[in-house]
Amino acid sequence: MTNHVKRLLLIGFLAIFTFGIGFSVEAADSKANAPKPALTKESDEMSTTGKVGNGNEETPGEWYLGDVPGSPVPNAPVILFVPGLNNVAQVFWEDNDMYETALNAGYQTAFIQLHDAGGASADMWDNGELLAEKIEEISSHFDRRPITVVAYSKGGVDTQTALTYYGAWEYVDNVITLSSPHHGAQLADLAYSSWAGWIADLIGAQGDGTYSLQMANMENFRTQVDNEPIAYHNNYYTLAGTDWGSIFSSTWLGGMYLSQFGSNDGVVTTNSSRLSGGEEITIGDWNHTSIRTGATFPVFEDYLMGQQQELDTSFSSSDYVEKNTPATNQWVHGGPLMEGDANELSLAVEDGVKNVSLHLMSANKVSNITLVDPAGNEIAPKVHSNVNKDGVFAGAISHYLIIDEPAPGEWSIKLDTKYDDAYLLVADFTADSIIIRNEMSDSAAMLQSNYYFEVDQKQVQGDTVKATYRVTESSNPENSTIYTTSGLHLSEILEFDRPNEVYNITIDVEGRTKTGEVFKRTIIDSVYAD
C-alpha cells in the first residue's frame, strides 16, 4: 500500500471518527436539552377551593404538551401525567427526568394543572370534575387517540373520580398510579389531630385535599366507588415503594411515623396504594419522591397499552416490612411557640426505653434546641433540619434528634425561636409496647363508635392509667368533645353530632410503670359518621 493511499485512508478514518463523535455529542446534547413541555391550553380559572393556601401560583385547568418524539412508538397512547396533593404539573420535568425518559422512549406526553396548582388543595370531587373536562380537551386535540393516565399520589384518586363520576372513562384506556393513597393517608389524620391544629393553620396543612385523604373519609369513598359499575371499566395498575429516602429527609421522617402502620414510602403505605379492582405491578425500593421519576418508567412501560403481563403475585405485604418497621410507640403533642427563649416542653420517659426519636415540625426554623435531663443537666443535641417540600406538611420545617439510652424521668426540651410560631412534636419510643390491644367498631346505635384499648398489666400500675379521647369534627374544629376513662381496659362509646362528617379521634394514654415512672402515648384515628 502506497503512502498516498495510507494518508487517504487515515484522513477518511479521522473524518468518520470526528463525525461520529460530533453526532454522538449532538445527540447527547439533544437528549439533555429536550424542550420543556409547552403550555397548550390556557385558562382564566382561578382556584377557589380549599381552606388555606399552599404557596402555588399556577392556573388550574391549564395543560401542557411534551415535545413530539423523534422515533414514536407505533400505536402508542398519549401519556397524561397527573400530579398529586399540593403539586403542580412541573413536578414531572423540573428536577425530574420522568418527562425526558418518556420522550426518549418514544411517547407523546401531556401534563395537567389541577386545583392544587392554584394555591389551595382540592378534594377528589373538584379535581375529578376539572380533570375530566381537560381529558376530553386533550382527547379532542389528538383526534380521540387513546390516553393512558400516569397519576402520582392523590392524583390517582382524582383520576378514578374523573373516570367513574364525570364521564372521562370513554377517553382513557389505562391508568397507572404511582403510590396513590387509594385507602387514605395516616399523615392526613395526623394533620387533623388535636395536637396538629396550631402548626397546620400556619403552613396550610388542612386544605380540602388533605381533609379528603383522612382514613375514614377514604374508607367511605372506597365503599362508594368500588360499588359503581363503571369503577373498573378502565384497566388500573398500581406501583408502591418501601424506601424512605436519605436519612433525616422529609420522607424518612414520614416513614418513621408511618412505620407503625406497616411498609411505606415515607408518605403512603403499600396497603393503601392497592386497588381491589386493579393489578399491582410491583412494590419497589422507591420513596414517595423517587417513585415519580424516570426510574419507574421502565417498570410500568409495558402496561401503558394495557397489555396483560405476568404479574408477580408471589409476595405479600409482610415481605416489605423488615427494614421499615422498628418497634416504636409514639407520643404526639403540639401548641404555640412564643418569640424568644421562653418555650419549654416536657417529655416523660419511662424505664426500659432504648432511645427516643424526636421529630419537631414548625413553620420557621427553630434557632436553638436544648435538652435538660431528669437530673437537671443541659445537653446540646445534634439536630438535623430540613424543609418539607411537598405532601401533607409541605412548607413545614422538620427538626430531628435522638436521645440514646435516656435516663427515666421528666425531660425538658427548650426551644429558642425568632418568631411567634407553632409546633407539632412526634416522639418515637424504642421500647416494649405498653398498649397491647387497640380495637374500634361501629356501634349498633346511629352516630356512635366503640373504642377499646388494653395496656400491659405486667408493665404498668393499672390504677394510674387514664385515657383522654378528643373527638373533633374535622371540618369544624371548634366542635370538639372530650371523654375520659381509666384502668387497664380503656373502653369508650363515642358519639358524633352530625352524619356524613369526618371526626378526628386523638387519644392520649398516660400512667405509671411498675417502678413509678410516668409514660405517655398517643393514638390518632378518624371516623366517618353516617
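This briefing walks through the sheets, a packed helix and two unusual backbone spots in one protein chain. The structure is a predicted model, in which local features need pLDDT of at least 70 and side-chain atom pairs count only at pLDDT 80 or more, while totals for chains, interfaces and linings use all residues. Residues are numbered from 1 along each chain as its sequence is written, and side-chain values use heavy atoms, with hydrogens and water left out.

**The chain overall**

- The protein chain holds ten helices and 24 strands; helices (H or I, at least four residues) and strands (E, at least two) are DSSP runs, numbered from the N terminus.
- Of its 530 residues, 55% count as buried, where buried means under 20% relative accessible area, exposed means over 50%, and partly exposed is in between (1.4 Å probe, protein chains only).
- About 22,800 Å² of the protein chain is exposed, and carbon and sulfur atoms supply 49% of that; accessible areas come from the Shrake-Rupley method with a 1.4 Å probe, and for residues only the protein chains shown count as cover.
- Take the contacts (heavy atoms within 4.5 Å) with a separation of 6 or more: residues 24 or more positions apart account for 77% of them.

**The sheet with strands 10, 16, 12 and 13**

- Four strands make up an open, antiparallel sheet in the order 10-16-12-13; two strands pair if DSSP finds at least two bridges between them.
- Its edges are strand 10 (340-349) and strand 13 (378-379), each of which pairs on one side only.
- Eight bridges link strand 10 with strand 16 (residues 409-417), in the antiparallel sense.
- If you want a register marker here, L347 sits opposite W411 in strand 16.

**The sheet with strands 21, 20, 23 and 24**

- Here too, four strands form an open sheet with antiparallel pairing, in the order 21-20-23-24.
- Strand 21 (476-486) and strand 24 (518-529) are the edge strands with a single partner strand each, so one side of each has no neighbour in the sheet.
- From one strand to the next, the twist averages 15°; axes are lines fitted to C-alpha atoms, for helices over the stretch in contact, and angles run from 0 to 180 degrees between N-to-C directions.
- Strand 23 (residues 501-512) pairs with strand 24 over twelve antiparallel bridges, and V509 stands opposite R521 in strand 24.
- Helix 8 (residues 215-226) packs on this sheet and touches strand 23 and strand 24, with its direction at about 30° to that of strand 24.

**Strand 20 and its partners**

- Six of the eight residues of strand 20 (residues 466-473) are buried, so the rest of the structure largely encloses this strand.
- Strand 20 pairs with strand 21 in the antiparallel sense over eight bridges, with T468 opposite T484 in strand 21.
- A hairpin takes the chain from strand 20 to strand 21 through two residues.
- Strand 20 also runs antiparallel to strand 23, joined by eight bridges; Y469 has I507 as its bridge partner in strand 23.

**Two positive phi values**

- F248, a residue other than glycine, has a positive phi near 75°. The loop between strand 7 (235-241) and helix 9 (250-258) holds F248, which is buried at a relative accessible area of 17%.
- N500, also a residue other than glycine, has a positive phi near 60°. N500 lies in the loop between strand 22 (489-495) and strand 23 and is exposed, with a relative accessible area of 52%.
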